[in-house]
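Trainee: Before we begin, could you take me through this model step by step, and show me how each label is earned?
Mentor: Gladly; ask about any term, and we will set the value beside the rule.

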Amino acid sequence: PAHAVIFMHMYINNINSDGTFTYSTISNIIGDIIYAFNNRSSITIGDTNYNFETCDGHIDYVMCGHTHADYVETIGGVPCVVTTQLRDGNTPTFDLCFADYNNSQLHLIRIGSGSDRIINI
């Protein structure tokens, strides 16, 4: 089947000191859209109805940054993978992401400080 990925600059507004998240309105809407798309239903946003009943494919995961932390959250029922800051000191820091659809996994190989990660999709 066709696979789709969403890349975003920012998903979660803030990571609070107690480890909880403060979500933006747009993040919640994007989660609702992903859920509707993957479940072949429709969703109304404002005055517009989006009908995904006859669509093909599946949104498998969301990739985003900006938050400057490594974590995985769920959005619309799929993993939302967030990566750390772009630069740790003078060392560029980012992930190389490889999708292994045969095993339903994302392999993130860290360049710079931090650790490699495997995320189930």
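Mentor: Keep in mind that this is a predicted model. A good place to start is the network of salt bridges that links Asp95, Arg110 and Arg117.

Trainee: What makes the contact between Arg110 and Asp95 a salt bridge?
Mentor: The rule asks for a side-chain nitrogen of Lys or Arg within 4 Å of a carboxyl oxygen of Asp or Glu. The side chains of Arg110 and Asp95 meet at 2.7 Å, N to O, so the pair satisfies that rule. The two partners come from distant parts of the chain, with Arg110 in strand E12 and Asp95 in strand E11, 15 residues apart.

Trainee: How do you know that Arg117 forms a salt bridge with Asp95?
Mentor: The closest N and O atoms of Arg117 and Asp95 are 3.1 Å apart, and the cut-off is 4 Å, so the label applies here as well. Arg117 lies in strand E13 and Asp95 in strand E11, so this pair ties together parts that are 22 residues apart in sequence. A search of the whole structure finds two salt bridges.

Trainee: Why are Asp95 and Arg117 called buried?
Mentor: Buried means under 20% relative accessible area. Asp95 has 15% relative accessibility and Arg117 has a relative accessible area of 16%, so both count as buried. Arg110 is buried too.

Trainee: Why is Phe98 called partly exposed?
Mentor: Phe98, which lies in strand E11, has 45% relative accessibility. Partly exposed covers the range between buried, under 20%, and exposed, over 50%, so the value for Phe98 belongs there.

Trainee: Which residues make the nonpolar surface patch?
Mentor: The patch, of about 400 Å², is made by Phe94, Leu96, Phe98, Ile109 and Ile111. Strands E11 and E12 each supply at least two of its residues, and E11 gives the most, with three.

Trainee: Why is the pair of Phe37 and Phe52 called edge-to-face?
Mentor: Two rings pair if their centres lie within 6.5 Å, and planes over 60 degrees apart count as edge-to-face. The centres of Phe37 and Phe52 are 5.4 Å apart and the planes stand at 70°, so both conditions are met and the pair is edge-to-face. Phe37 belongs to helix H1, while Phe52 is in the loop between strand E5 and strand E6. Both Phe37 and Phe52 are buried.

Trainee: How do you know that the charged end of Arg40 sits over the ring of Phe37?
Mentor: The distance from the charged end of Arg40 to the ring centre is 4.9 Å, and the rule allows up to 6 Å, so the distance part is satisfied. The rule also sets a limit on the angle to the ring normal, and Arg40 is listed as sitting over the ring.

Trainee: What makes Gly31 a buried residue?
Mentor: Gly31, placed in helix H1, has 7% relative accessibility, and the limit is under 20%, so it counts as buried. Leaving aside residues up to four places away in sequence, Gly31 touches Ile75 and Gly76. Gly31 and Gly76 are 45 residues apart in sequence, yet their C-alpha atoms are 3.9 Å apart in space.

Trainee: How many helices and strands does the protein chain have?
Mentor: The secondary structure comes to one helix and 13 strands. Of the 121 residues of the protein chain, 33% count as buried.

Definitions and conventions
Residues are numbered from 1 along each chain as its sequence is written. This is a predicted model: local features need pLDDT of at least 70, side-chain atom pairs count only at pLDDT 80 or more; totals for chains, interfaces and linings use all residues. Side-chain values use heavy atoms; hydrogens and water are left out. Helices (H or I, at least four residues) and strands (E, at least two) are DSSP runs, numbered from the N terminus. Buried means under 20% relative accessible area, exposed over 50%, partly exposed in between (1.4 Å probe, protein chains only). Contact means heavy atoms within 4.5 Å. Rings of Phe, Tyr and Trp (its six-membered ring) pair if their centres lie within 6.5 Å; planes under 30 degrees apart count as stacked, over 60 as edge-to-face and the rest as tilted. A charge sits over a ring if NZ of Lys or CZ of Arg is within 6 Å of the ring centre and within 35 degrees of the ring normal. Patches are made of residues with over 30% relative accessible area and no salt bridge: like charges are joined within 9 Å, nonpolar side chains (Val, Leu, Ile, Met, Phe, Trp, Tyr) within 5 Å. Accessible areas come from the Shrake-Rupley method with a 1.4 Å probe; for residues, only the protein chains shown count as cover.
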